[in-house]
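Me: Please take a close look at a single part, chain B, and then follow its contacts outward to the rest of the assembly. Give the cut-offs for the terms as you use them.

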Amino acid sequence: MAGKAVVDPFEDIPGTTLFNAERSYIGYHLNMFCMSLMKKAGRDEFKANEDLYLRKWPMTDEQREAVLKRDWGRMIQLGGNVYFLSKLFSTDGLSFQFVAASMTGMTQEQYADMMLHGGRKVDGNRSKSEWVK
Amino acid sequence: MSEANPFDDIPGTTLFDANKSREGYHLNMFCMSIGNADNRDEFKKDERTYLDRYPMTEEQRECVLKRDALRLIEIGGNIYFLAKLFYADGRAMRSVCAGMAGMTDKQYEEMMLSGGRSPDGNRSKSEWA
Amino acid sequence: MAKIVASVNCSHVPAIGAAWDLGKTEQPYWQPVFKGFEYSKKWIADLKPDVVILVYNDHASAFSLEVIPTFALGTGAEFKPADEGWGPRPVPTVYGHPKLASHIAQSVILDEFDLTLVNKMDVDHGLTVPLTLMFGQPEEWPCKVIPLAVNVVQYPPPTGNRCYNLGKAIKKAVEEYPEDLRVVIFGTGGMSHQLQGKRAGLINKEWDNNFLDLLTHEPDKAAKIPFIEYVRETGSEGIEMVMWLVSRGALEDKVREKHRYYHVPASNTALGHLILENESFKG
């Protein structure tokens, strides 16, 4: 992050991408594409030809590919914000839980099961150093 | 405000606060709409019909049709929004101000060239009484 | 590290832009307006700022009454000149500095100021007229511009004190940005004017010039001027001068006045102009 001489503590949280102003700028067009899916006309046009529709926004090739492949984790890394991405997976008829599960590498059943048992514990999940095995 | 609002004491001046903003919301949003060229054309074809689309008061509609700038300011119009209405007519801001001040364009221009309207005698409604 | 070295204050009257665009600058009415900026154009050309933070107000262009942000910081990459009813002004697109703007946003919000961040907005005469006055008619603006739009359309605007403190927070943010950027901050709008009601045409030369003195030498006092005084003394639209406190707050306590100019009328408005440099700035 600009202006920080020491390691930014927000960057140390494992499996977590902070949607700050810089990421907002990087992901601007990706997120604005997602916004457009709030309108039915947008959704219909997207479904008719995804690649063509995506090219209306000056996003990067990487972002476009991540959308086409529905690589949710990658979209987050490339500046997508989950509330905007939700309009994309809603268009696909997918639930928040399905997408969340896919970003963790679990099946939806495994994820749902984890949630029913109290969710993912914070212990061992506070710092990237804890994820290094 | 439980006591008299000092802003109400300034003569010939309407403070555009949240209350006025609420009062004039649709009037001002109508004005905003004719910042767009296509809307302007549509408005000019049939002003009354265009105005009816906005749930403003009948008085606001009448004042727009009459171009009564002074009254529009008093009933919720904000000058920057109203400006779009007058620009659509091809009128300059100076001319609109002159009209509101009850002067001809020439009189207003002369006043401005001589240094503008002085605040002396124009600070309190009591001075205008 | 980046540093704000100077401030520029000036009016942003739309008619000034129109006069420039229509080639009327040599007409007897407009000549005295533009004369006041001859020094200024040379000063800023010599200074060569990398970034201008431009404090102004939108005039029902980017913001209607649907959204009324008190402070809107432009973090986008570019801002187009607004079509205010007669086509966009024929001036270059304004290019922002998203990295610095985002850095300022983060720092200032963490300093407990509440900002609205705007990635997409058109910029109207409030922003482009000061750029014309200071830079003339270049092919491209010679530096990046970070817009900071302040609500002065619907009462109440942020107080002078709030604006002043925001300026200080912006100064701190800029000084923590790790690139060596030379930054100038503009505070625009004013000076006395009233565009509405029977009191339209109000001008208060005495108050305006006193404000120029206070802003330079006693900004703490200038920051405490209550709104009733702005409106009563300088007109309903004179309240714009509260934005000049943002730019003053972003300078050090000790400043030197490089240039001052005042002229009536510029359309309905008293044209005021001030250039201040930090005393510590060695040029």
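Reply: Chain B has 10 helices and zero strands, where helices (H or I, at least four residues) and strands (E, at least two) are DSSP runs numbered from the N terminus. Read from the N terminus on, its elements are α-α-α-α-α-α-α-α-α-α. The model is a predicted one, in which local features need pLDDT of at least 70 and side-chain atom pairs count only at pLDDT 80 or more, while totals for chains, interfaces and linings use all residues. Residues are numbered from 1 along each chain as its sequence is written, and chains are lettered from A and ligands numbered from 1 in the order in which they are written.

Along the principal axes, the C-alpha atoms of chain B fill a box of roughly 45 × 40 × 20 Å. Of the 129 residues in chain B, 34% are buried, that is, 20 or more other C-beta atoms lie within 10 Å of the residue's own, with C-beta atoms placed from the backbone. Two residues are in contact if their C-beta atoms, placed from the backbone, lie within 7 Å. Among contacts in chain B with a separation of 6 or more, 57% are between residues 24 or more positions apart.

Outward from chain B, 42 of its residues are in contact with 32 residues of chain C. On the chain C side, helix H9 (227-234) and strand E9 (255-266) are the elements that give two or more residues. H9(C) provides the largest share, four residues. By class, that side of chain C has 14 nonpolar, 12 polar and six charged residues; Ala, Val, Leu, Ile, Met, Phe, Trp, Tyr, Cys and Pro count as nonpolar, Asp, Glu, Lys and Arg as charged, and the others, Gly among them, as polar.

Chain C also touches chain A: 12 residues of chain C are in contact with seven residues of chain A. Helix H1 (residues 21-26) of chain A gives the largest share of the chain A side, three residues. That side of chain A has four nonpolar, two polar and one charged residues.

Within chain C, helix H4 (residues 98-110) and helix H6 (residues 160-175) pack at an angle of about 125°, with their axes 9 Å apart. Axes are lines fitted to C-alpha atoms, for helices over the stretch in contact, and angles run from 0 to 180 degrees between N-to-C directions. H4(C) and H6(C) are therefore oblique to each other, since angles under 35 degrees count as roughly parallel, over 145 as roughly antiparallel, 65 to 115 as roughly perpendicular and the rest as oblique.

Note on methods
Buried ≥ 20, exposed ≤ 12 C-beta atoms within 10 Å, placed from the backbone.
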